[in-house]
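Subject: Structure handover and notes

Dear colleague,

I am passing on the structure we spoke of, and my notes on it follow below. Please read them with the coordinates open beside you.

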Amino acid sequence: MAEAWLERWQEGRIGWHEDAGNASLRKHWRASGRTVLVPLCGKSVDLVWLAAQGNRVIGVELSQIAVEAFFAEQQLDFNVTDGPLRRFDANGADVTIYCGDFMQLDDVRCDAHYDRGALVALAAELRPGYAAHVRSLLTDDAEQLVITLGYDQAVANGPPFSIGDNEVLGYWPGLERVDRYDDTLNAPPKFLDAGLTEIFETVWRSAAD
């Protein structure tokens, strides 16, 4: 998994990246004044959008190519602190990115969580450990927004992977489904080439009080 991820960034095969950010995040996010955990963040512009909503943003990314691309594209200077995971702190935005294995991050505590491309990037055997580690880094009252995909894996297989509702709720029982729509037009070309005709994006958010 790690080698394949790094190879994709080295070769520029990052079809999951959204240049304009994620529309569902902008529609459904409601937290301000929180510390937001964003695992496997890549160079997502969603980091600066979340910070602009008054949040402290903690991204985690394995590829240093992605981390440096984020700061270059957002025209942000940064400071670097060495440690088990190298820490990149932006100057001019409340964004920090830890570069390294997300599963080794253990010295942060966050009260919000945004996942658009992490859970769906992981094979089934890796997802329970990932979700457990996310829970270990979050407060009990953390606000969450998780976006998943659903499609027929008998026709095509990920990544990104199809994840059922029961699996999501098994990881985070406090979530509720707030949106679901046909995203076939944005499906990876390999899915369409394989004959997939339908793929849905589902948006999960912390249940209202």
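A residue counts as partly exposed when its relative accessible area lies between the limit for buried, under 20%, and the limit for exposed, over 50%. By that rule Arg87, at 29% relative accessibility, is partly exposed. Please bear in mind that this is a predicted model.

Salt bridges

Arg87 pairs with Asp89 in a salt bridge whose closest N and O atoms are 2.9 Å apart, and Asp89, unlike its partner, falls in the buried class, because its relative accessible area is 17%. A salt bridge also joins Asp94 to Arg56, again with 2.9 Å between the closest N and O atoms. Asp94 sits in the loop between β4 (86–91) and β5 (95–99), while Arg56 belongs to strand β2 (residues 56–61), so this pair ties together parts that are 38 residues apart in sequence. Asp94 is partly exposed, with a relative accessible area of 37%, and Arg56 is likewise partly exposed, at 22%. Taken together, Arg56, Arg87, Asp89 and Asp94 are linked in a network of salt bridges.

The structure holds 10 salt bridges, and one further pair deserves a separate look, namely Lys27 with Asp179, whose side chains meet at 3.1 Å, N to O. Lys27 lies in helix α2 (residues 23–28) and Asp179 in strand β8 (residues 175–182), so the contact ties together parts that are 152 residues apart in sequence. The two ends of this bridge fall into separate accessibility classes: Lys27 is exposed, with a relative accessible area of 59%, whereas Asp179 is buried, with a relative accessible area of 17%. As general background, side chains of opposite charge can pair when their charged atoms come close.

Strand β6 and its neighbours

Strand β6 (residues 110–115) is mostly covered, with five of its six residues buried. Which strands pair with β6 in the parallel sense? One is strand β1 (residues 35–39), which is joined to β6 over two bridges, and in that pairing Leu37 has His113 of β6 as its bridge partner. The other is strand β7 (residues 138–150), which pairs with β6 over five bridges, and here Tyr114 has Leu145 of β7 as its bridge partner. With helix α5 (residues 127–137), the strands β6 and β7 make a right-handed β-α-β unit.

Nonpolar cores

The largest nonpolar core has 26 residues, and those that touch the most other members are Leu37, Phe102, Leu105, Tyr130 and Trp172. At least two residues of this core come from each of β2, α5, β7 and α6 (165–171), and α5 gives the most, with four residues. Leu37 therefore appears twice in these notes, as a well-connected member of this core and as the bridge partner of His113.

If residues up to four places away in sequence are set aside, Trp172 touches His113, Leu119, Tyr130, Ala131, Val134, Arg135, Gln144 and Val146. A second, separate core of 25 residues includes Val67, Phe71, Val95 and Leu145, the last of these being the residue that partners Tyr114 between β6 and β7. In soluble globular proteins, nonpolar side chains tend to be buried together.

With best regards

Key: Residues numbered from 1 in each chain as written. Predicted model: local features only at pLDDT ≥ 70, side-chain atom pairs only at ≥ 80, totals over all residues. Heavy atoms only, no water. Buried < 20%, exposed > 50% of the residue type's maximum accessible area, 1.4 Å probe, protein only. Pairing = 2+ DSSP bridges. Right-handed = clockwise from strand over helix to strand, strands pointing away. Salt bridge = Lys/Arg side-chain N within 4 Å of Asp/Glu carboxyl O. Core = buried A, V, L, I, M, F, W, Y, C linked by side-chain atoms within 4.5 Å. Contact = heavy atoms within 4.5 Å.
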